[in-house]
Structure formats: structure tokens, C-alpha cells
Amino acid sequence: MIYGYIRVSTDKQTTENQHYEIEEFCKKNKLQIDEWIEETISSTTDLDKRKLGKLIRKIKKDDLIIASELSRLGRNLLQVMGMLNKLLDTDARVWTIKDNYKLGDDISSKVLAFAFGLSAEIERKMISQRTKEALAARRAAGKILGRPLGAKNAKLKLTGKEKQIKSLLDKGISKSSIARRFHVDRETVRNFINNQFV
């Protein structure tokens with residue numbers, strides 16, 4: 001499968017230029033797009049909430065994603081590298097037109113995939129280290145971190161569902177059934193009922 005991927009950040013931007021660039025590229029290279037993936041979403045949005053994330057989860061060996069440029073995939077270096085690493089691990093290919101990247105199953109792509117993976121790991125470790133240092137500095141300054149001991153979270157998973165749960169309980173529906181209905185653990189339902197109705 002060959003996918004044409006187009007992303008714009010706002011609905012004020014147009015997808016036409018990217019569409020045209022990909023179509024012209026495909027004409028020159030005698031390729032046919034099997035499926036277009038278009039989305040209007042910020043590149044900083046979590047990958048799981050993007051159409052691109054769904055595409056990466058279903059992509060197969062030898063599939064090809066064509067985008068106008070690498071920045072269409074994401075602006076965050078860590079995000080783009082992680083994404084490319086996943087795609088290359090699947091033996092899928094990514095081609096970008098403006099940057100002229102052709103990442104596939106050749107040796108140079110494998111070297112790039114290794115570099116991407118290594119860079120992503122280094123960046124993750126650096127972020128983790130900076131976080132630890134910032135927390136240590138706050139502790140040293142006498143700041144109390146986290147929720148105070150014994151304090152309860154004000155918002156629970158079932159907050160806002162009180163009426164529905166009360167109605168289900170009145171009908172004799174079991175806690176296990178209520179847990180399944182709301183996709184939570186039975187213990188979560190039991191604790192919620194004890195806190196709200198007892």
C-alpha cells in the first residue's frame with residue numbers, strides 16, 4: 001500500500017499544496033496513492049490521537065508513506081525519530097519530497113534507524129535527568145512535592161456519573177456490571193460508592 005500523508009495545523013491552512021506536491025511526485029515516479037490520510041491537527045498532539053498514529057499501528061512490510069516534508073509528521077525531534085524508528089522496524093518506507101528522504105530497507109536506512117533510535121533514547125534520558133535535577137532542587141529548597149500525605153484526589157474516574165450509578169444500584173445492578181459498563185475496576189466502583197453514597 002502507498003499512503004499519501006497530509007497534515008495542516010489549523011483549518012485556516014490549506015492541504016492543496018501538499019496534495020499537489022505528492023501527486024506530482026507520484027506522476028514523475030510512476031506511483032499510485034492507494035489511500036490519502038489527511039488531518040488538521042497540531043504536530044505536538046499525542047500520536048495516539050492522530051490519524052498518523054492509527055496508520056503507523058496498521059502499516060505493514062513494504063508499505064510506503066509519502067509526505068511533502070518531514071515536519072508534516074511532527075515538529076518534535078523525539079516524536080519524529082520514534083515514529084521513523086517504528087516504521088523502519090516494520091520494514092515500511094517513508095519518503096519525503098522537499099527533504100528528499102527515502103527511508104526504507106536499505107543499509108543506509110538501517111543506519112539512520114539506529115541513529116534515530118539512539119538519538120531518541122539520549123533525548124529521553126536527558127529529559128529524565130533534567131526532571132530529576134529540577135525535583136532535587138525543589139526538595140533542597142524545602143518545597144513539598146506531590147499530593148500531601150493523606151490527601152485524596154478531588155476528581156475520581158467516576159466523578160460526574162453519580163446519578164447513573166445511583167440509578168443502576170437502585171435497579172439492583174451488580175458492582176461488577178457497573179465496572180464493566182464504565183470500563184473501570186470493580187474496586188474503583190466499590191470505593192466510589194463508599195465515598196459517595198455511604
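1. Two strands are taken as paired here if DSSP finds at least two bridges between them. On that basis, in this predicted model, five strands form an open sheet in the order β2-β1-β3-β4-β5, with mixed pairing. The edges of the sheet are β2 and β5 (101-103), each of which pairs on one side only. From one strand to the next, the twist averages 15°.

2. As to the overall layout, the protein comes to seven helices and five strands, and from the N terminus on its elements follow the sequence β-α-β-α-β-α-β-β-α-α-α-α. Of the 198 residues, 31% count as buried, while the exposed area of the protein is about 13,000 Å², of which carbon and sulfur atoms supply 52%. Among contacts between residues at least 6 apart in sequence, 63% join residues that are at least 24 apart.

3. Strand β1 (residues 2-8) deserves a separate comment. Seven of its seven residues are buried, so the strand is largely enclosed by the rest of the structure. The cover extends to both faces, with Ile2, Gly4, Ile6 and Val8 buried on one side and Tyr3, Tyr5 and Arg7 buried on the other.

4. The pairing of β1 can be followed through a single residue. β1 runs parallel to strand β3 (residues 64-67), to which four bridges join it, and it also pairs in the parallel sense with strand β2 (residues 35-40), over six bridges. Glycine 4 stands opposite isoleucine 66 in β3, and in β2 its bridge partner is tryptophan 36.

5. The other end of the strand order brings in the antiparallel sense, in which β4 and β5 pair over three bridges. Tryptophan 95 stands opposite lysine 102 of β5, and these two residues are also related through their side chains, since the charged end of lysine 102 sits over the ring of tryptophan 95 at 4.5 Å from its centre.

6. Two helices pack on the sheet and can be checked against the strands they touch. Helix α1 touches β1, β2, β3, β4 and β5, and its direction makes about 155° with that of β1. Helix α2 (residues 51-58) touches β1, β2 and β3, and its direction makes about 145° with that of β2.

7. How many aromatic pairs does the model contain by the ring-centre rule? The count comes to one: phenylalanine 25 and tryptophan 95 meet edge-to-face, with 6.2 Å from centre to centre and 85° between the planes. Phenylalanine 25 lies in helix α1 (residues 16-28) and tryptophan 95 in strand β4, so the pair ties together parts that are 70 residues apart in sequence. Both partners count as buried, phenylalanine 25 at 14% relative accessibility and tryptophan 95 at 15%.

8. Is threonine 96, placed in strand β4 (residues 93-96), buried or exposed? Its relative accessibility is 4%, and the cut-off for buried is under 20%, so threonine 96 counts as buried. Apart from its neighbours within four places in sequence, threonine 96 is in contact with Ala67, Ser68, Glu69, Leu70 and Tyr101.

Definitions and conventions. Residues numbered from 1 in each chain as written. Predicted model: local features only at pLDDT ≥ 70, side-chain atom pairs only at ≥ 80, totals over all residues. Heavy atoms only, no water. Buried < 20%, exposed > 50% of the residue type's maximum accessible area, 1.4 Å probe, protein only. Contact = heavy atoms within 4.5 Å. Phe/Tyr/Trp six-rings, centres within 6.5 Å; stacked < 30°, edge-to-face > 60°. Lys NZ or Arg CZ within 6 Å of the ring centre and 35° of its normal. Axes fitted to C-alpha atoms, helices over the stretch in contact; angles between N-to-C directions. Areas by Shrake-Rupley, 256 points an atom, 1.4 Å probe, with all protein chains shown as cover.
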